[in-house]
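Please work through the exercises below with the sequence and the model side by side, and try each task before reading its solution.

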Amino acid sequence: MNNDHKMLSDTEIEVCAQASAICPSFNLRKSARAVSRIFDEALQPCGLRSGQLAMLLAIATGREPTYAQLARDLVMDTSTIARSLRPLEREGLLEIVAGLDRRRKSVRLTPLGAERIRQAVPLWEKAQGWFNGRVGDDEWTRTLADLDHVLGRIRGY
């Protein structure tokens with residue numbers, strides 16, 4: 001072992017273990033990665049990842065939302081929204097619409113985007129059914145309510 005590298009003390013290691021066990025960021029990200037993996041695999045036949053489907057669904061339900069509306073709805077910053085939209089635009093699933101003010105861009109589904117959603121929804125429903133079967137409908141409903149409560153408490157921190 002390299003002597004130039006300072007090791008953590010037992011106390012510091014314990015603090016690290018405690019932080020890992022209770023940190024909302026660590027634990028929500030870990031859960032999100034596990035759930036995303038399930039839905040990403042389920043959506044493979046239609047060529048979408050779960051995050052892309054979430055983006056398309058937000059656009060579909062937002063009726064030509066602006067970048068700012070998408071950012072607010074998906075709890076992302078507008079630069080991340082812009083980067084996430086590019087591959088979907090390249091595939092012809094959506095189009096970016098310049099507003100009267102060039103800074104206010106909005107997004108609309110294309111017919112191909114609507115068709116991709118139609119392909120994805122049955123795959124999503126199957127994965128959602130599997131997930132609910134593993135977690136339990138009531139448990140998932142309570143978890144959704146808890147997550148919504150937490151988001152409401154921290155939104156706009």
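The exercises that follow concern a predicted model, and each task is paired with a stepwise solution.

**Exercise 1. Packing of H6 and H7**

Task: Determine at what angle helix H6 and helix H7 pack, and which residues meet between them.

Solution.
Step 1. Two packed helices are described by the angle between their axes and by the distance between those axes.
Step 2. For H6 (residues 111-135) and H7 (residues 137-154), the angle is about 95° and the axes are 6 Å apart. Angles of 65 to 115 degrees count as roughly perpendicular, and H6 is therefore roughly perpendicular to H7.
Step 3. On the H6 side the contact is made by Gln 128, Phe 131, Asn 132 and Val 135, which meet Asp 137, Glu 139 and Trp 140 of H7. Sorted by class, this contact has three nonpolar, two polar and two charged residues.
Step 4. Gln 128, which lies in helix H6, can be taken as a closer example. With a relative accessible area of 17%, Gln 128 is buried, since buried means under 20%. When neighbours within four places in sequence are left aside, Gln 128 is in contact with Phe 39 and Trp 140.

**Exercise 2. Helix lengths and what comes after them**

Task: Compare the end-to-end reach of H7 with its expected value, do likewise for H5, and name the glycine that follows each helix.

Solution.
Step 1. H7 has 18 residues, and its reach of 26 Å from first C-alpha to last is close to the 26 Å expected at 1.5 Å a residue.
Step 2. H5 has 13 residues, which at 1.5 Å a residue should span 18 Å, and its end C-alpha atoms are indeed 18 Å apart, so the two values agree.
Step 3. After H7 comes Gly 156, with a positive phi near 75°, while H5 is followed by Gly 92, with a positive phi near 80°.

**Exercise 3. The nonpolar core and the buried residues of H5**

Task: Identify which residues of the largest nonpolar core touch the most other members, and state what covers the buried residues of H5.

Solution.
Step 1. In soluble globular proteins, nonpolar side chains tend to be buried together.
Step 2. The largest nonpolar core has 20 residues, of which Leu 48, Leu 70 and Leu 85 touch the most other members. Helix H3 (50-62), helix H4 (67-74), helix H5 (78-90) and H6 each supply at least two residues of this core, and H3 gives the most, with five residues.
Step 3. Within H5, the buried residues are Ile 81, Ala 82, Leu 85 and Leu 88. Their cover includes H3, H4, strand S1 (94-98) and strand S2 (105-109).
Step 4. Leu 85 shows this residue by residue: not counting residues up to four places away in sequence, Leu 85 touches Met 55, Ile 59, Tyr 67, Leu 70, Leu 94, Ile 96 and Val 107.

**Exercise 4. The loop between H3 and H4**

Task: For Arg 63, Glu 64 and Thr 66, decide which is buried, exposed or partly exposed, and find the contacts of Glu 64 and of Thr 66.

Solution.
Step 1. Most residues other than glycine have a negative phi. Against that background, Arg 63 has a positive phi of about 50° although it is not a glycine, and Glu 64 also has a positive phi, near 60°.
Step 2. Arg 63 lies in the loop between H3 and H4, as does Glu 64, and Thr 66 is found there too.
Step 3. Arg 63 counts as exposed at 68% relative accessibility, Glu 64 as partly exposed at 36%, and Thr 66 as buried at 10%.
Step 4. Glu 64 and Ser 106 are 42 residues apart along the chain, yet their C-alpha atoms are separated by 5.7 Å. Not counting residues up to four places away, Glu 64 touches Ile 59, Gln 69, Ser 106, Val 107 and Arg 108, and on the same basis Thr 66 touches Arg 104, Lys 105 and Ser 106.

**Exercise 5. Gly 47**

Task: Locate Gly 47 and describe its exposure and its contacts.

Solution.
Step 1. Gly 47 has its place in the loop between helix H2 (24-43) and H3.
Step 2. Its relative accessible area is 43%, so Gly 47 is partly exposed.
Step 3. With neighbours within four places in sequence left aside, Gly 47 is in contact with Gln 52 and Arg 116. The C-alpha atoms of Gly 47 and Trp 124, which are 77 residues apart along the chain, are separated by 12 Å.

How values were computed: Residues are numbered from 1 along each chain as its sequence is written. This is a predicted model: local features need pLDDT of at least 70, side-chain atom pairs count only at pLDDT 80 or more; totals for chains, interfaces and linings use all residues. Side-chain values use heavy atoms; hydrogens and water are left out. Axes are lines fitted to C-alpha atoms, for helices over the stretch in contact, and angles run from 0 to 180 degrees between N-to-C directions. Helices (H or I, at least four residues) and strands (E, at least two) are DSSP runs, numbered from the N terminus. Angles under 35 degrees count as roughly parallel, over 145 as roughly antiparallel, 65 to 115 as roughly perpendicular and the rest as oblique. Contact means heavy atoms within 4.5 Å. Ala, Val, Leu, Ile, Met, Phe, Trp, Tyr, Cys and Pro count as nonpolar, Asp, Glu, Lys and Arg as charged, and the others, Gly among them, as polar. The expected span of a helix is 1.5 Å times one less than its number of residues. A nonpolar core is a set of buried Ala, Val, Leu, Ile, Met, Phe, Trp, Tyr and Cys residues joined through side-chain atoms within 4.5 Å. Buried means under 20% relative accessible area, exposed over 50%, partly exposed in between (1.4 Å probe, protein chains only).
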